[in-house]
Amino acid sequence: MKLDAIPSSPMSRPDFGIEREPRPHGGNSRWLLPAIAAGCAMVTALVGRVAATRLGMGAIDDAYISLRYASHWASGNGLCFNLGEKVEGYTNFLWVMFEAVAIRIGFDPEAAMSVLGWGSLGAISAVLFLFLDREVMPSRLVGAAVIAIVGSLNLALVAWAASGLETCLFTTLILSSVLTSIGAGRRERTYGTALLLVAAAMTRPEAIVIAPALAWFVYRCRRRVIEVVRFGIAFAGIYGVYFLARWLYFGFLFPNTFYAKLDYGSPALVGRGLGYVGDFVIAAPLLVISLLASMLLYRRSPEWVHASVVVVTILLAVVIYEGGDHFAMFRFLAPA
């Protein structure tokens, strides 16, 4: 992840509160860093799979809904659950598409689901390693790798990697879009943020709600309104094409699950959502303490802490509004 400062006023060079150290690996970093990131991904996926097997974790029923759509699509029958019916019974299009591609090139459907799940978990650790090496602990490759692997092996993420659903892919894309939005950089970085957020929103539509926050951080770090305009046009344009295509194909503005659950924001759902988040607080006290500490030190923190606090807070609010879900292991809050 390359951060290039914009050569203008001091305001365009945000202070991340990080002292840069010389990078002894120098020119070798062109291949060394990607190699270590790939190693982090493989170790994370392997350890996660072994842990999931030991704990009896595996694919859940809902994963086979997406898999059925993917199998029909790969077979040339279109996006459908039952042949001849066009009902959008999923909310994870990108996941379905990846499954369909894997099946099309010869993977067994369940093997495709498993490879994508563990690959997505590994991708989280690769993204974390590259970020840590660049922004938090440069030149400390072993430490960054260990933290990236351990941080990715959160039990909830391991469970959802094994589940056959899109949670870890969504986490990877949300994390990547947030980290790409911060820091000075050229227009390619702004467009990269937009593309990653589009991919996240195509994986789960909830990602749309963090678009204003990412636009704000693009502005804070670039100090140029034109970068926000570029971000907005790229995101709205690309996602708009996808939204229009699926509307024309299925004939409805939103997935079928939206119409099956029209009481979003009702007192009953909000109450259930608060209980869901409350259970999460009890289950993940270290995360909550870290979040609260970050809020107390918000003004003195690096920009990546600012972005993390804001995005996690938004994700919590969305889950409360939606009322959570009935699964164990906090599917909707695992990305947080």
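In which helix does Y259 lie? I looked this up in the model, which is a predicted one, and found Y259 in helix α11, which covers residues 256-260.

**Surface patch.** I then asked what surrounds this residue at the surface, and noted that Y259 belongs to a nonpolar patch together with L244, W247, L248, F252, L253 and F254, with about 690 Å² of accessible area for the seven taken together. Helix α10, residues 225-250, gives the largest share of the patch, namely three residues. I entered Y259 as partly exposed because its relative accessible area is 34%, and that class lies between under 20% for buried and over 50% for exposed.

**W31.** I placed W31 in helix α1, residues 29-54, and I call W31 exposed because its relative accessible area is 54%. I also checked W31 against R189, which is 158 residues away along the chain, and found 21 Å between their C-alpha atoms.

**Helix α4.** I compared the length of helix α4, residues 109-136, with what its 28 residues should span at 1.5 Å a residue, and the expected 40 Å agrees with the 40 Å between its end C-alpha atoms. At the N-terminal end of α4 I found D108 acting as a cap, with a side-chain oxygen 3.1 Å from the backbone nitrogen of E110.

**Cysteines.** How many disulfides does a search of the whole structure find? I noted zero. For C40 I can say why: the closest cysteine sulfur, in C168, is 16 Å from its own sulfur, which is too far for a bond. I recorded C40 as buried, because its relative accessibility is 2%, and C80 likewise counts as buried at 2%.

Terms used. Residues are numbered from 1 along each chain as its sequence is written. This is a predicted model: local features need pLDDT of at least 70, side-chain atom pairs count only at pLDDT 80 or more; totals for chains, interfaces and linings use all residues. Side-chain values use heavy atoms; hydrogens and water are left out. Patches are made of residues with over 30% relative accessible area and no salt bridge: like charges are joined within 9 Å, nonpolar side chains (Val, Leu, Ile, Met, Phe, Trp, Tyr) within 5 Å. Accessible areas come from the Shrake-Rupley method with a 1.4 Å probe; for residues, only the protein chains shown count as cover. A salt bridge is a side-chain nitrogen of Lys or Arg within 4 Å of a carboxyl oxygen of Asp or Glu. Helices (H or I, at least four residues) and strands (E, at least two) are DSSP runs, numbered from the N terminus. Buried means under 20% relative accessible area, exposed over 50%, partly exposed in between (1.4 Å probe, protein chains only). The expected span of a helix is 1.5 Å times one less than its number of residues. A polar contact is a pair of N or O atoms within 3.5 Å; within protein, one must be able to donate a hydrogen and the other to accept it, and residues adjacent in sequence count only if both atoms are side-chain atoms. A disulfide is a pair of cysteine sulfur atoms within 2.5 Å.
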